[in-house]
Amino acid sequence: MAHAMFASPSSTTPFNRRSPLPNLPLTPPSVSSLFKASSMLQISGSRRSVSYRIKASSEDSSETSEVGEVFSGLKEKWDAIENKPMVVIYGGGAALGLWLSSTIVEAINGVPVIPKFLELVGLGYTGWFIYRYLLFKSTRKELADDIEALKKKIIGSE
């Protein structure tokens with residue numbers, strides 16, 4: 001169930017009276033019947049200013065319990081980690097690497113010729129891969145065997 005409360009402009013939510021946005025209607029008729037509201041309007045000159053405070057509440061507390069379960073699961077996993085500083089260092093390094101790669105990609109994307117060239121290289125490699133591994137049954141089998149060998153190598157059963 002959602003409740004809407006109208007408050008005076010001097011409430012805790014600040015609104016700029018000189019907003020560049022046009023004045024919008026308070027609520028459409030279909031929506032106003034859904035909210036139980038009391039309003040306080042302040043009229044100054046030809047302008048009308050209204051502040052809204054909308055409060056949503058739910059009678060179902062299962063969402064709150066699910067969030068609590070997620071956080072408790074994360075806390076248990078964090079407590080099970082023995083070398084916490086190393087995890088923090090790896091996480092920071094991953095964030096730094098992501099930022100650095102994003103910066104490099106933006107710089108490359110700024111040069112007009114390079115993105116089109118890299119797109120052409122990607123299309124060429126995709127065409128070669130399709131021709132080499134996907135067109136014929138024997139090469140598809142070879143690709144599947146290579147993938148299985150790689151899986152075994154990663155898992156460590158080979």
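How far apart do the end C-alpha atoms of residues 117-135 lie, and how much of the span is helix? In this predicted model, those end atoms are 26 Å apart, and the span is 95% helix and 0% strand. This stretch is a good place to start, since UniProt, in an unreviewed entry, lists residues 117-135 as a "transmembrane region". The record gives that feature name to residues 87-105 as well. For residues 87-105, the end C-alpha atoms are separated by 27 Å, with the span being 100% helix and 0% strand.

Let's step back to the whole chain. The protein contains five helices and four strands. If you trace the sequence from its start, these elements come in the order β-α-β-β-β-α-α-α-α. Of the contacts between residues at least 6 apart in sequence, 65% link residues at least 24 apart.

What share of the 158 residues is buried? The answer is 5%. As for the surface, the protein exposes about 13,900 Å², and 65% of that area is supplied by carbon and sulfur atoms.

Now follow the chain to its last two helices. Helix 4 covers residues 113-134, and helix 5 covers residues 137-155. Their axes approach within 6 Å and cross at roughly 100 degrees. Because angles of 65 to 115 degrees count as roughly perpendicular, helix 4 is roughly perpendicular to helix 5. Which residues bring the two helices into contact? From helix 4 come Phe129, Arg132, Tyr133 and Leu134, and they meet Thr139, Arg140, Glu142 and Leu143 of helix 5.

One residue on the helix 5 side deserves a slower look: threonine 139. Is threonine 139 buried or exposed? Its relative accessibility is 13%, so threonine 139 counts as buried, given that the cut-off for buried is under 20%. Setting aside neighbours within four places in sequence, threonine 139 has contacts with Arg132, Tyr133 and Leu134, residues that helix 4 contributes to its meeting with helix 5. For tyrosine 133 there is a polar detail too: a polar atom in the side chain of threonine 139 lies 3.4 Å from the backbone oxygen of tyrosine 133.

Putting these pieces together, you can find threonine 139 in helix 5, buried at 13% relative accessibility, and in contact with residues that include Tyr133.

Technical notes: Residues are numbered from 1 along each chain as its sequence is written. This is a predicted model: local features need pLDDT of at least 70, side-chain atom pairs count only at pLDDT 80 or more; totals for chains, interfaces and linings use all residues. Side-chain values use heavy atoms; hydrogens and water are left out. UniProt positions are given in the numbering used here, feature names are shortened, and annotations may be inferred rather than shown by experiment. Buried means under 20% relative accessible area, exposed over 50%, partly exposed in between (1.4 Å probe, protein chains only). Contact means heavy atoms within 4.5 Å. Accessible areas come from the Shrake-Rupley method with a 1.4 Å probe; for residues, only the protein chains shown count as cover. A polar contact is a pair of N or O atoms within 3.5 Å; within protein, one must be able to donate a hydrogen and the other to accept it, and residues adjacent in sequence count only if both atoms are side-chain atoms. Axes are lines fitted to C-alpha atoms, for helices over the stretch in contact, and angles run from 0 to 180 degrees between N-to-C directions. Angles under 35 degrees count as roughly parallel, over 145 as roughly antiparallel, 65 to 115 as roughly perpendicular and the rest as oblique.
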